[in-house]
Amino acid sequence: MKEIIKLEKVSFCYKVKPILQDINLSIDKGDFIGIIGPNGGGKTTLLKLLMGMLIPHTGKIQIFGKNPKINRDKIGYVPQIYRIDKEFPISTLEVVLLGAIKDSFLGFFKKEIKNKAKDLLEKVGLKDFIDKPFGKLSGGQSQRALIARALISDPEILILDEPTANIDPESERAIFDILINSNKQRTILMVSHDLHTIVNEVKKVITVRQFATVLKPKEVCKHFGIGLYHTPIIAKKIRGKKQ
Ligand SMILES: Nc1ncnc2c1ncn2[C@@H]1O[C@H](COP(=O)(O)OP(=O)(O)OP(=O)(O)O)[C@@H](O)[C@H]1O
Ligand SMILES: [Mg+2]
């Protein structure tokens, strides 16, 4: 497998308190990674570091062997919170097109890009909302539109920060089907608090709580599902080594 994301001894703090410490990770092409951890554990911060939006205080991050800022356009991002004025007059199609802004000329898009945006909206089940104001979409619908926006540039890596938070089970299933399909062409990293989904859908799990641990989905302790992000698995591993 080809390693496309590499973190070596990465640490980060916003102020004095360390948020992430000594993070070593290696992510391969084609991986589908679920990221879990408690509120404030540092998950969103980790994603922002991967995209070059934040700079590590120590250590090194490489995306396709280069500084994250250089390869930022290889990453599609669905943020945890997308702040937009509900009354702002922008259609769902226009929101998706924002993901292809670098291919526009003074804000005008070629017909094929517009068609691609429409196709993507159809794929995520929003065919009837293409020309509707984005502000009128429900939470689950706007989340699907944001996934379409992240996919329009055909990114090699797709990063999603809690794409299914506050979403009904049917829409959640629809979003996962889109992601599983999308994983055939790209590497996916997704933050979720839904342990059931994480265990059943992803190939690897990273737990983030100041430190990061990589687990196989079946190694994830069921306690995590009720918010007890303890570290018995790591402790066991260390004990195992010593014995
Ligand atoms: N811009 C900022 N300035 C200062 N502190 C910040 C900033 N952003 C986040 N933090 C702090 O960093 C810590 C990690 O935040 P982060 O958003 O990465 O957590 P998270 O794991 O994504 O949590 P959640 O599950 O709630 O989304 C928190 O204690 C948070 O208060
Ligand atoms: Mg977060």
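Two residues are in contact here if their C-beta atoms, placed from the backbone, lie within 7 Å. By that criterion, and leaving out residues up to four places away in sequence, leucine 121 touches Thr92, Leu93, Val96, Leu126, Lys127, Ile130, Ala145 and Ala148. The model is a predicted one, and the points below take up its nonpolar core, its sheet, the surroundings of ligand 1 and one loop residue.

**Nonpolar core**
- The largest nonpolar core holds 59 residues, and those that touch the most other members are Val96, Leu121, Ala148 and Ile159.
- Helix α4, which spans residues 139–151, gives the most to this core, contributing 6 residues.
- Two of the core residues just named, Val96 and Ala148, are also among the contacts of leucine 121.
- In soluble globular proteins, nonpolar side chains tend to be buried together.

**The sheet and its strands**
- An open sheet is formed by 6 strands in the order β5-β6-β7-β3-β8-β9, with mixed pairing.
- Its edge strands are β5 and β9 (211–215), each of which pairs on one side only, and the twist from one strand to the next averages 15°.
- Helix α1 packs on this sheet, where it touches β3, β6, β7 and β8, and its direction makes about 155° with that of β6.
- Strand β3 (residues 32–36) is mostly covered, since 4 of its 5 residues are buried.
- On one side, β3 is joined by 4 bridges to strand β7 (residues 187–191), the two running parallel, and glycine 34 has methionine 190 as its bridge partner in β7.
- Strand β8 (residues 204–209) likewise pairs with β3 in the parallel sense over 4 bridges, and here glycine 34 stands opposite valine 205.
- In the edge strand β5 (residues 75–78), Ile75 and Tyr77 point one way while Gly76 and Val78 point the other way, and all are buried.
- Strand β5 runs parallel to strand β6 (residues 157–161) and is joined to it by 4 bridges, with tyrosine 77 having isoleucine 159 as its bridge partner in β6.
- The β6 partner in that bridge, isoleucine 159, is also one of the residues that touch the most other members of the largest nonpolar core.

**Surroundings of ligand 1**
- The residues around ligand 1 are Tyr14, Ile19, Gly37, Asn39, Gly40, Gly41, Gly42, Lys43, Thr44, Thr45 and Gln80.
- Sorted by class, this shell has 2 nonpolar, 8 polar and 1 charged residues.
- Helix α1 (residues 43–50) supplies the largest share of the shell, 3 residues, and this helix also packs on the sheet described above.

**Serine 153**
- Serine 153 is placed in the loop between α4 and β6.
- Because it has 18 C-beta neighbours inside 10 Å, serine 153 counts as partly exposed, whereas a residue is buried if 20 or more other C-beta atoms lie within that distance.
- Apart from its neighbours within four places in sequence, serine 153 is in contact with Asp73, Gly76, Gly99 and Ala100.
- Among these contacts, Gly76 belongs to strand β5 and is buried.
- Another of them, glycine 99, is 54 residues away from serine 153 along the chain, yet the C-alpha atoms of the two are separated by 6.5 Å.

Terms used:
Residues are numbered from 1 along each chain as its sequence is written. Chains are lettered from A and ligands numbered from 1 in the order in which they are written. This is a predicted model: local features need pLDDT of at least 70, side-chain atom pairs count only at pLDDT 80 or more; totals for chains, interfaces and linings use all residues. A residue is near a molecule or strand if its C-beta atom, placed from the backbone, lies within 6 Å of it. Ala, Val, Leu, Ile, Met, Phe, Trp, Tyr, Cys and Pro count as nonpolar, Asp, Glu, Lys and Arg as charged, and the others, Gly among them, as polar. A nonpolar core is a set of buried Ala, Val, Leu, Ile, Met, Phe, Trp, Tyr and Cys residues joined through C-beta atoms within 7 Å. A residue is buried if 20 or more other C-beta atoms lie within 10 Å of its own, exposed if 12 or fewer, and partly exposed in between; C-beta atoms are placed from the backbone. Two strands pair if DSSP finds at least two bridges between them. Axes are lines fitted to C-alpha atoms, for helices over the stretch in contact, and angles run from 0 to 180 degrees between N-to-C directions.
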